[in-house]
Amino acid sequence: MSDCLFCKIINGDIPVTKVFEDELIIAIEDINPQAPTHLLIIPKKHIATALELSSKDRQLIGEIFLCANKLAEERKIDQSGFRIVNNCQEGAGQTVFHIHFHLLGGRPMTWPPG
Ligand code: 5GP
Ligand code: ZN
């Protein structure tokens, strides 16, 4: 989608620190990190929110979680603990309407989230 920030990032129109890429997914450093590790795992396919996922996206969602595990191991936060977050809709804090998963770790996490 031409007016989507993450589609622009995926197309290389906006510079980012990319930490992983394959045919389905990119992972980048968040521009405003909320933890020592704060990555965004983003499918290349434009899907606005989790509500727009369909049965065709089953493999994609699996790949995202496997990618998160791999990145958590690389960042050495796999044993200390990490959080995978998807904010769905504005009321939950979603600001970019191209589905993405935050991978947060490297500090103690509190519960409940704000
Ligand atoms: P949301 O609030 O939709 O769950 O998450 C959007 C995330 O995208 C935020 O954590 C925000 O810091 C990040 N973000 C917004 N614009 C940019 C950008 O231009 N580059 C990068 N790397 N991250 C961004
Ligand atoms: Zn998009």
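The following paragraphs go through the sheet of this predicted model, the helix that packs on it, and the largest pocket.

The sheet is open and is built from five strands, which follow one another in the order S1-S2-S3-S5-S4 with antiparallel pairing. Strand S1, residues 18-21, and strand S4, residues 82-85, stand at the edges, and because each has a single partner strand, one side of each is left without a neighbour in the sheet. From one strand to the next, the twist averages 20°.

Within this order, strand S3, which covers residues 37-43, is joined to strand S5, residues 101-105, by five bridges, and the two run antiparallel. In this pairing, Thr37 stands opposite Gly105 of S5. Helix H2, formed by residues 58-74, packs on the sheet and touches S1, strand S2 (25-29), S3, S4 and S5, while the direction of H2 makes about 155° with that of S3.

The description now turns from the packing to the open space. The largest pocket has a volume of about 720 Å³, and 31 residues line this pocket, of which Asp30, Asn32, Gln34, His38 and His102 are the closest to its centre. Several elements contribute to the lining of the largest pocket: helix H1 (5-10), S2, S3, S4 and S5 each supply at least two residues, and H1 gives the most, with three residues. Sorted by class, the lining of the largest pocket comprises 15 nonpolar residues, twelve polar residues and four charged residues. Strands S2, S3, S4 and S5 thus appear in both parts of the picture, since H2 touches them and they also supply residues to the lining of the largest pocket.

Notes:
Residues are numbered from 1 along each chain as its sequence is written. Chains are lettered from A and ligands numbered from 1 in the order in which they are written. This is a predicted model: local features need pLDDT of at least 70, side-chain atom pairs count only at pLDDT 80 or more; totals for chains, interfaces and linings use all residues. Side-chain values use heavy atoms; hydrogens and water are left out. Two strands pair if DSSP finds at least two bridges between them. Helices (H or I, at least four residues) and strands (E, at least two) are DSSP runs, numbered from the N terminus. Axes are lines fitted to C-alpha atoms, for helices over the stretch in contact, and angles run from 0 to 180 degrees between N-to-C directions. Contact means heavy atoms within 4.5 Å. On a 1 Å grid over the protein atoms alone, a cavity is a set of points where a 1.4 Å probe fits but cannot get out, and a pocket is an open set with protein on both sides within 12 Å along at least five of seven lines; lining residues have an atom within 4 Å of a point. Grid points are joined across faces, edges and corners, and a volume is the space filled by probe spheres set on the points. Ala, Val, Leu, Ile, Met, Phe, Trp, Tyr, Cys and Pro count as nonpolar, Asp, Glu, Lys and Arg as charged, and the others, Gly among them, as polar.
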